[in-house]
Amino acid sequence: MGSNSSRLGDLPKNEYLKKLSGTESVSENDPFWNQLLSFSFPAPTSSTDLKLLEEATISVCRSLVENNPRTGNLGALIKVFLSRTKELKLSAECRNHIFIWQTNNALFIICYLLKVFICEMSEEELQLHFTYEEKSGSYSSDSEDLLEELVCCLMQLITDIPLIDLTYEISVEAISTMVVFLSCQLYHKEVLRQSISHKYLMRGRCLPYTSKLVKTLLYNFIRQEKPPPPGAHVFPQQSDGGGLLYGLASGVATGLWTVFTLGGVGSKAAATQAISSPLANQSLLLLLVLANLTDAADAPNPYRQAIISFKNTQDNSPFPSSIPHAFQINFNSLYTTLCEQQTSDQATLLLYTLLHQNSNIRTYMLARTDMENLVLPILEILYHVEERNSHHVYMALIILLILTEDDGFNRSIHEVILKNITWYSERVLTEISLGSLLILVVIRTIQYNMTRTRDKYLHTNCLAALANMSAQFRSLHQYAAQRIISLFSLLSKKHNKVLEQATQSLRGSLSSNDVPLPDYAQDLNVIEEVIRMMLEIINSCLATSLHHNPNLVYALLYKRDLFEQFRTHPSFQDIMQNIDLVITFFSSRLLQAGAELSVERVLEIIKQGIVALPKDRLKKFPELKFKYVEEEQPEEFFIPYVWSLVYSSAAGLYWSPQDIQLFTMDSD
């Protein structure tokens with residue numbers, strides 16, 4: 001590229017790029033590299049610009065792919081970069097702008113070329129391009145593994161180089177290059193279980209960096225460091241608008257892999273938001289990719305082991321010898337950042353991973369006295385279900401299910417009183433408990449699912465969360481109580497409709513033996529399962545917390561006719577006993593009190609009746625408890641999901657949709 005390259009259109013005929021991709025070998029000691037790496041031109045800022053950059057360099061890249069087996073120039077470039085990184089820490093301390101700028105440019109070119117090579121060839125062919133020996137002019141399987149050395153060097157750079165204004169860009173570039181190195185998965189429909197990346201990252205020279213890398217990536221996410229402002233860490237721009245020292249912030253060093261926008265497969269709500277901290281975003285994506293690598297044949301994924309076992313910095317207990325790659329991190333800082341970042345899919349996925357797999361984190365979070373800071377963002381994801389992709393909604397719901405497995409959580413959420421929930425638009429909620437709000441949002445999600453997506457698993461997990469909470473329902477808001485009964489009303493109507501359709505279908509079958517019948521029996525069975533679960537939730541509350549929930553009794557009495565048809569139904573007779581008893585008992589007391597009672601008077605009678613009702617008259621049922629269990633082979637879901645986030649959040653502009661095999665791209 002060189003110091004004179006300032007326009008995309010110049011790249012195909014650029015003398016330095018032509019030499020890099022040409023037929024002659026360039027020694028790693030050649031002054032050519034200093035000239036090549038002294039480039040600058042305005043960074044691409046849109047998908048159109050990035051497409052133009054790829055189109056402008058396609059001939060150069062193809063030439064390098066063709067000629068590198070004979071020249072080894074890619075390996076020489078990597079050796080130049082590796083030699084420079086040995087002095088990078090000292091250069092940062094001495095604020096050597098030129099050295100860091102050129103080193104970053106070298107990594108930028110390597111990252112871009114690595115992406116091209118991975119797209120164009122198999123992993124075996126890729127590895128051959130890194131085993132060229134200059135003396136023999138051929139490939140050698142016995143030569144030092146340059147690709148492994150590059151990966152180790154990147155891990156060292158990420159973990160050891162101090163983060164200052166001068167090193168921010170190269171830190172982001174190093175993390176992005178690691179993501180690109182792992183992107184072989186994008187070009188396979190099946191989940192990769194053995195690959196070069198597995199070999200390097202799970203054993204050998206890279207393995208000792210496991211815990212340090214995971215810890216660094218987590219702290220990058222926690223700190224949310226914003227990039228330095230343009231001009232704050234570079235040489236002043238030349239008056240002619242270009243030149244050798246055009247600068248890191250304005251030059252291509254911030255370019256191809258560091259244009260950060262959300263969209264595509266990620267959250268629809270965040271589609272137009274710019275990422276405030278590229279370093280935090282890239283670190284989180286790399287962390288998720290590493291955590292979801294499949295286990296090796298003879299060893300578990302060490303990065304997942306590190307993520308599921310790290311402890312709080314305030315925990316002084318020794319690590320068990322059986323836990324490798326363990327480390328400590330500040331849980332309070334991590335909790336705060338997780339609460340603040342739940343608008344993104346990747347932050348929600350990290351929260352799910354930690355809650356589900358790291359018992360230290362789960363115990364810490366459940367002991368917090370400010371759980372509303374975590375729960376409210378999760379509820380907001382579910383509330384805006386229309387604007388979120390299905391995976392994000394599903395992760396948010398599973399997080400709630402995991403939290404509701406804990407009785408302490410189920411009690412405490414009813415003690416937290418919230419005021420003026422502005423994002424809840426169906427009704428003005430000037431004051432409501434966190435528990436009642438959670439019930440409202442989950443019920444709304446169920447109703448949305450019934451009319452739109454009709455996802456059985458979404459239904460099941462919503463109801464499981466409500467069931468886990470039901471024995472601990474306390475002082476339910478009148479609107480929450482109404483919505484519980486309204487949901488039952490909706491299910492009842494659906495049941496009657498399906499039953500009528502099944503009856504008509506059966507009559508029709510008597511007159512025609514040729515027409516295939518819809519499977520109404522299966523539909524009826526599913527709706528009856530959901531109705532029974534709703535009845536169990538109501539029953540659980542009445543049997544254990546009747547004295548805490550006069551509003552639920554009021555709502556039951558107001559819609560008492562709904563339950564009449566289920567009293568004698570063989571599927572519901574047992575679970576209807578308590579509900580029928582409560583309706584009969586309180587209806588009798590209201591009847592004795594006379595007609596035209598005010599709402600306040602009715603509630604007063606209910607509260608008096610709750611005290612008078614003998615508790616032993618309510619039949620005891622086993623406590624409702626549902627535990628989230630991850631499906632077998634979860635990688636079949638999580639690996640495509642993680643890479644869809646990588647594509648949309650950090651790399652959606654750089655990988656051509658037609659090349660991707662792992663998941664189906666949206667048409668836009």
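These exercises work through helix packing, aromatic pairs and single residues in a predicted model.

**Exercise 1. Helix α17 against helix α18**

Task: Classify the packing of α17 against α18, and state which residues meet.

Solution:
- Start with the geometry. The axes of α17 (residues 372–383) and α18 (residues 390–403) come within 9 Å and cross at roughly 140°.
- Classify the angle. Over 145 degrees would count as roughly antiparallel. The crossing is therefore in the oblique class, and α17 is oblique to α18.
- Add the hand. The crossing of α17 with α18 is left-handed.
- List the contact. From α17 come Val375, Ile378, Leu379, Ile381 and Leu382. They meet His392, Val393, Ala396, Leu397, Ile399, Leu400 and Leu403 of α18.
- Sort by class. This contact holds 11 nonpolar residues, 1 polar residue and no charged residues.

**Exercise 2. Helix α17 against helix α20**

Task: Repeat the analysis for α17 and α20.

Solution:
- Take the geometry. Helix α20 covers residues 434–451. Its axis is 9 Å from that of α17, at an angle of about 20°.
- Classify the angle. Angles under 35 degrees count as roughly parallel, so α17 is roughly parallel to α20.
- Add the hand. α17 passes α20 in a left-handed crossing.
- List the contact. α17 supplies Glu372, Val375, Leu376, Leu379, Leu382 and Tyr383. α20 supplies Leu434, Leu437, Leu438, Val441, Arg444 and Thr445.
- Sort by class. The count is 9 nonpolar, 1 polar and 2 charged.
- Look for residues listed in both contacts. Val375, Leu379 and Leu382 of α17 meet α18, and they also meet α20.

**Exercise 3. Two aromatic pairs**

Task: Assign the ring geometry of Phe181 with Tyr200 and of Tyr394 with Phe637.

Solution:
- Begin with the total. The model has 18 aromatic pairs.
- Take Phe181 and Tyr200. Their ring centres are 6.2 Å apart, with 20° between the planes, and the pair is stacked.
- Place this pair. Phe181 is in helix α9 (residues 168–181) and Tyr200 in helix α10 (residues 196–202), 19 residues apart. Phe181 and Tyr200 are both buried.
- Take Tyr394 and Phe637. The centres are 6.5 Å apart, the planes are at 65°, and the pair is edge-to-face.
- Place this pair. Tyr394 is in α18 and Phe637 in helix α27 (residues 635–651), 243 residues apart.
- Check burial. Tyr394 has a relative accessible area of 19%, so it is buried. Phe637 is partly exposed because its relative accessibility is 28%.
- Extend the pair. Tyr394 and Phe637 belong to one aromatic cluster, with Tyr352, Tyr628, Phe638 and Tyr641.

**Exercise 4. The surroundings of Cys541**

Task: Locate Cys541 and describe its surroundings.

Solution:
- Cys541 sits in helix α23 (residues 520–545).
- Its relative accessibility is 0%, so Cys541 counts as buried.
- Leaving out residues up to four places away in sequence, Cys541 touches Ser470, Phe473, Leu546, Asn549 and Leu552.
- Gln472 is 69 residues away from Cys541 along the chain, yet their C-alpha atoms are 7.2 Å apart.

**Exercise 5. Positive phi outside glycine**

Task: Is Gln224 buried or exposed, and is Asn420 buried or exposed?

Solution:
- Gln224 is not a glycine, but has a positive phi of about 50°. Gln224 is in the loop between α11 (210–223) and α12 (278–291). At 17% relative accessible area, Gln224 is buried.
- Asn420 is not a glycine either, and has a positive phi of about 55°. Asn420 is in the loop between β5 (417–419) and β6 (431–433). At 53% relative accessibility, Asn420 is exposed.

Definitions and conventions. Residues numbered from 1 in each chain as written. Predicted model: local features only at pLDDT ≥ 70, side-chain atom pairs only at ≥ 80, totals over all residues. Heavy atoms only, no water. Axes fitted to C-alpha atoms, helices over the stretch in contact; angles between N-to-C directions. Helix = DSSP H or I, 4+ residues; strand = E, 2+ residues; numbered from the N terminus. Parallel < 35°, antiparallel > 145°, perpendicular 65-115°, else oblique. Left-handed = near helix turned anticlockwise from the far one by under 90°. Contact = heavy atoms within 4.5 Å. Nonpolar A, V, L, I, M, F, W, Y, C, P; charged D, E, K, R; others polar. Phe/Tyr/Trp six-rings, centres within 6.5 Å; stacked < 30°, edge-to-face > 60°. Buried < 20%, exposed > 50% of the residue type's maximum accessible area, 1.4 Å probe, protein only.
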